[in-house]
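Here is a short briefing for a first look at this structure. Keep the sequence and the 3D view open as you read.

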Amino acid sequence: MHEMSIAMSIVDIACKEAQKDGAKSISVIELDVGKLAGVMVDSLMFCYESVCKGTPAENSKLLVNEVTGMGECLKCHFEFEIDSFMALCPQCESYEVKIKQGRELKLKAVTVNE
Amino acid sequence: MCDSCGCGLPGETVTFRKHGEEHQHHGAGATHTHADGTTHTHTHDHDHNHGHDRTLAIEQDILGENSLLAQRNRGYFEAKNVFTINLVSSPGSGKTTLLEKTLTDINDIACAVIEGDQQTMNDADRVAATGVPVLQINTGNGCHLDAEMIHTAYTELKLKNDSLLFIENVGNLVCPALFDLGENKRVVVISVTEGDDKPIKYPSMFDTADICVINKIDLLPYVQFDVAKCKEYALQVNHHLEFFELSATTGEGLEAWYSWLHASIKK
Ligand SMILES: Nc1nc2c(ncn2[C@@H]2O[C@H](COP(=O)(O)OP(=O)(O)O)[C@@H](O)[C@H]2O)c(=O)[nH]1
Ligand SMILES: [Mg+2]
Ligand SMILES: [Zn+2]
Ligand SMILES: [Zn+2]
Ligand SMILES: [Zn+2]
Ligand SMILES: [Zn+2]
Ligand SMILES: [Zn+2]
């Protein structure tokens with residue numbers, strides 16, 4: 001279950017940052033997750049709650065911002081929104097599309113308190 | 001959820017979709033789109049009142065630590081001129097059989113193998129019978145190998161200079177896609193007893209692979225598998241993919257695979 005190890009990394013990074021800041025607990029963890037990141041958000045949320053137990057992030061809220069996919073056609077250089085790896089250029093119908101955005105899996109911010 | 005590895009957390013994420021229906025119904029999820037067009041999902045609020053909240057900007061890649069470790073592995077492999085191959089596939093596509101055959105036939109290059117499975121030493125035992133050094137990693141419930149496991153394994157194996165290292169990942173077409181191990185090439189194996197539409201069913205794995213091996217071609221007369229169509233799908237996902245069509249049991253098509261391995265190590 002890779003969502004489980006991802007949830008563990010998230011809580012781990014967040015707890016370290018909170019500790020560095022001298023905070024006692026974490027109330028919100030905010031992520032950017034690309035549509036093509038290969039992570040099931042529902043499943044991540046499920047894992048998150050169990051991973052948080054017994055850590056400063058217990059009872060915290062996980063906020064996931066969805067990042068849309070963007071591709072650039074390598075033939076005609078048209079840029080367009082994509083929602084899968086099989087992106088077809090709407091302008092010249094080529095499949096040679098470079099993914100420019102949508103693979104993000106980033107911890108953006110942590111809200112902490114004393 | 002990883003439906004291919006059977007690691008089974010509760011089916012919270014089931015999507016029900018009827019034939020011909022374009023949109024999806026999610027079984028769970030607080031995903032919603034706000035007026036400004038942003039879409040997000042969140043766990044439920046716990047409503048504890050905090051007066052002194054402050055937000056720390058982190059901007060950190062969640063898999064960053066794995067990526068760093070993978071880069072460290074890559075540096076080590078490069079320094080020793082070890083060419084490393086990460087073999088990924090569904091369970092049963094023939095990774096271990098291809099390894100057994102390859103290790104038996106290639107005598108002029110030193111080889112080593114790291115085996116990943118959730119349980120058992122079976123694959124390591126099969127590989128060990130060829131006389132090649134092998135280390136088994138059992139991941140328990142884990143559905144993929146990561147860069148740190150590989151670091152521990154190759155330290156134990158004591159790799160030779162100018163050698164080949166094969167890593168057989170856990171049989172699963174979903175999760176291993178996300179975890180860079182520091183390999184030179186990622187090889188996805190698909191067998192003709194699987195559907196020829198696998199590349200579009202599991203696109204992220206085909207997207208991150210460099211090579212696609214189509215295995216069990218000896219069975220082509222008996223199954224409905226359109227090789228051309230499979231390749232076409234795979235290329236739609238990743239137009240850089242190179243293909244080898246072979247049978248790990250009859251040996252058909254293995255020459256090209258061996259030539260490629262030899263050419264890779266010389267560089
Ligand atoms: N007919 C045929 N069977 C194969 C071939 N390669 C592997 N197999 C069989 O497929 C089954 C699974 O192979 P294995 O190497 O264990 O798959 P892995 O799970 O990917 O390591 C075994 O029964 C193999 O004998 C092939 O090229 N042709
Ligand atoms: Mg195997
Ligand atoms: Zn997984
Ligand atoms: Zn899994
Ligand atoms: Zn185009
Ligand atoms: Zn509907
Ligand atoms: Zn909201």
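The points below cover two ligand sites in turn.

The model is predicted. Ligand 1 has 17 residues around it. Ligand 2 is a magnesium ion. B:Thr96 appears at both sites: its side chain has an N or O atom 2.7 Å from an oxygen atom of ligand 1, and its OG1 is a donor of the magnesium ion.

**Surroundings of ligand 1**
- The residues that come nearest are B:Gly92, B:Lys95, B:Thr96, B:Thr97 and B:Asp218.
- By class, the shell holds 9 polar, 5 charged and 3 nonpolar residues.
- Helix H2 of chain B, residues 95–105, gives the most to this shell, with 3 residues.

**Polar contacts of ligand 1**
- The side chain of B:Thr96 places an N or O atom 2.7 Å from an oxygen atom of the ligand.
- For the side chain of B:Asn215, the corresponding distance to an oxygen atom of ligand 1 is 3.1 Å.
- B:Ala248 uses its backbone: an N or O atom there lies 2.9 Å from a ligand 1 oxygen atom.
- On its own, ligand 1 has 580 Å² of accessible area, and the protein covers 72% of that.

**The magnesium ion**
- Its protein donors are B:Thr96 (OG1), B:Asp123 (OD) and B:Glu168 (OE), lying 2.1 Å from the ion.
- Along the sequence, these donor residues follow the spacing T-x26-D-x44-E.
- B:Thr96 sits in helix H2 of chain B and B:Asp123 in helix H3 (residues 122–128) of chain B, so distant parts of the chain, 27 residues apart, are linked by this pair.
- B:Thr96 and B:Asp123 are both buried.

Note on methods
Residues numbered from 1 in each chain as written. Chains lettered and ligands numbered in written order. Predicted model: local features only at pLDDT ≥ 70, side-chain atom pairs only at ≥ 80, totals over all residues. Heavy atoms only, no water. Near = heavy atom within 4 Å. Polar contact = N/O pair within 3.5 Å; in protein donor to acceptor, adjacent residues only side chain to side chain. Areas by Shrake-Rupley, 256 points an atom, 1.4 Å probe, with all protein chains shown as cover. Helix = DSSP H or I, 4+ residues; strand = E, 2+ residues; numbered from the N terminus. Nonpolar A, V, L, I, M, F, W, Y, C, P; charged D, E, K, R; others polar. Donors = N, O, S within 2.8 Å, 3.2 Å for Na, K, Ca; no water. Buried < 20%, exposed > 50% of the residue type's maximum accessible area, 1.4 Å probe, protein only.
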